[in-house]
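User: I would like to go through this model, starting with its core and ending with the contact between chains.

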Amino acid sequence: MHGFPLLRVLFLAGVLALMGLPVWKITRPAPVAPVGLTAEEKKPQSAFDITLTSSAPAKFSLLVGGKKAGATESMTTSWKISLPMDSEKPDDLIVHGEASPDTKNLALRIQVENNKKKLTDTTLWGTDSVEDVVAIPSL
Amino acid sequence: MKKLFLVLLVLGVVAQAETLTVAALGTVLADIAKNVGGDHVQVVELIKPGTDPHSYEPTPGDIKKISNAQLVLVSGLGSEPYLEKLRSSLGPSRFLVAGDSVKTISCESDEHGHSHGEYEVDPHWWHSISNVELVSRQICNAFSTTNPGAKREYEANTKLFIEKLEALSKWSRLQVARLPKSQRILVTSHDALGYFAKDYNFVILPVQGISTIEQPSSQKVQRLIEQIKDKRIKAVFAENIENPKVLEQITKETGAKIGGKLYADGLGAGNASTYEGMMRSNVATIVEALQ
């Protein structure tokens, strides 16, 4: 051994590696678990068909969970939109209808269906504009 | 004949001008009474805004004030543990119990910091605006019977107040609808917002039970921490009359923020010193924090 410095270096490196192995095992970063979906993200979605019909031409807009879900660009008396929502707990709709300022009475009917099954059928009343919350029952 | 007519006319004017003296054992009741009574009522407020009604006991001075009142307004549903004593000493006829006219809900009894699975009536009826409408009508009837000379004014005032309440209800509905249903979870210091939760589809996770006197066990706090983490709840709420120490511990462990102060047991100061102001403050605080 005394005559082979290369062997001595290799032997020393081996000893150091053996000593370092348990330290590495303890200090190595833990494998990252794949991020699972939360209960909220796993919830089943379903298409809700919403039909708005008004007594006078109006611009319509819909908000779901505080976010704009759709709006008409021009005045109309009928508008349909289909929105995917949590079928167990569908969010409330904020419905807004704006007719021309000279309109004296505005009635706005809101119908919500899922697979042709009627869930909500309600009418909002106002003068030239209407705004209210429409709740949708769970499927 | 003319003299008799004059006497009747004077009597009529006197009756119309009469002012009722009413004692209110609750800040919300005092505000309703002022709205219904207008100029024809003097409201003696025995519980001041910001006082914890759960720990209130009438002082001898309060008893004197109550005995001078023509009507005593109480919340009922167990809110006033001293009520029976008061009734027996002053006579039951002068008491109006708001809890008799409201639509009640039950909540789980949690007197010792752990659940027994027992249920009792939630006494915080005013967190449902429709209950406040019912109590306004009840108070209007009682005022009109006690002071018939001002019946018309009481009815007109009640109509105006109910219109305000309906506008408040619509505003609250529109505000809450901005929150997805999955985010409608209220972690509050005590279980006082059950009526609000029922009206607006919230789930409540209270730290304490119905009364502020109850203290939560460490297991209950730990359970709550796990639920907050699991449901990724963004904010927890303190109350205007409490030490939010436990809530602060919860926020440290969960990363949820303190969403702001809610007025759970009655009115507060400033903008929250009226029923409408209190409700607007609570709704705005909740929606802003959970969005």
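User: Which residues touch the most other members of the largest nonpolar core?

Analyst: The model is predicted. Its largest nonpolar core holds 95 residues, and at least three of them come from each of domain 1 (15-171) and domain 2 (178-290) of chain B. Those that touch the most other members are Ala24(B), Ala33(B), Leu73(B) and Ile139(B).

User: Which residues is Ala33(B) in contact with, leaving aside neighbours within four places in sequence?

Analyst: Ala33(B) is among the core residues that touch the most other members. With neighbours within four places in sequence left aside, its contacts are Val22(B), Ala24(B), Val41(B), Val43(B), Leu73(B) and Ile139(B).

User: Is α2(B) parallel or oblique to α6(B)?

Analyst: Helix α2 (residues 27-37) and helix α6 (residues 151-176) of chain B have axes that come within 7 Å and cross at roughly 120°. An angle of 65 to 115 degrees would count as roughly perpendicular and one over 145 as roughly antiparallel. The crossing therefore makes α2(B), relative to α6(B), oblique.

User: Which residues of α6(B) make the contact with α2(B)?

Analyst: On α2(B), the contact is made by Asn35(B), Val36(B) and Gly37(B). By class, the contact has three nonpolar, four polar and no charged residues. From α6(B) come Tyr154(B), Asn157(B), Thr158(B) and Phe161(B).

User: How many charged residues are on the side of chain B that touches chain A?

Analyst: The contact takes 11 residues from chain B and 11 residues from chain A. The chain B side has four nonpolar and two polar residues. Its charged residues number five.

Key
Residues are numbered from 1 along each chain as its sequence is written. Chains are lettered from A and ligands numbered from 1 in the order in which they are written. This is a predicted model: local features need pLDDT of at least 70, side-chain atom pairs count only at pLDDT 80 or more; totals for chains, interfaces and linings use all residues. A nonpolar core is a set of buried Ala, Val, Leu, Ile, Met, Phe, Trp, Tyr and Cys residues joined through C-beta atoms within 7 Å. A residue is buried if 20 or more other C-beta atoms lie within 10 Å of its own, exposed if 12 or fewer, and partly exposed in between; C-beta atoms are placed from the backbone. Domain bounds come from an automatic or database domain assignment. Two residues are in contact if their C-beta atoms, placed from the backbone, lie within 7 Å. Axes are lines fitted to C-alpha atoms, for helices over the stretch in contact, and angles run from 0 to 180 degrees between N-to-C directions. Helices (H or I, at least four residues) and strands (E, at least two) are DSSP runs, numbered from the N terminus. Angles under 35 degrees count as roughly parallel, over 145 as roughly antiparallel, 65 to 115 as roughly perpendicular and the rest as oblique. Ala, Val, Leu, Ile, Met, Phe, Trp, Tyr, Cys and Pro count as nonpolar, Asp, Glu, Lys and Arg as charged, and the others, Gly among them, as polar.
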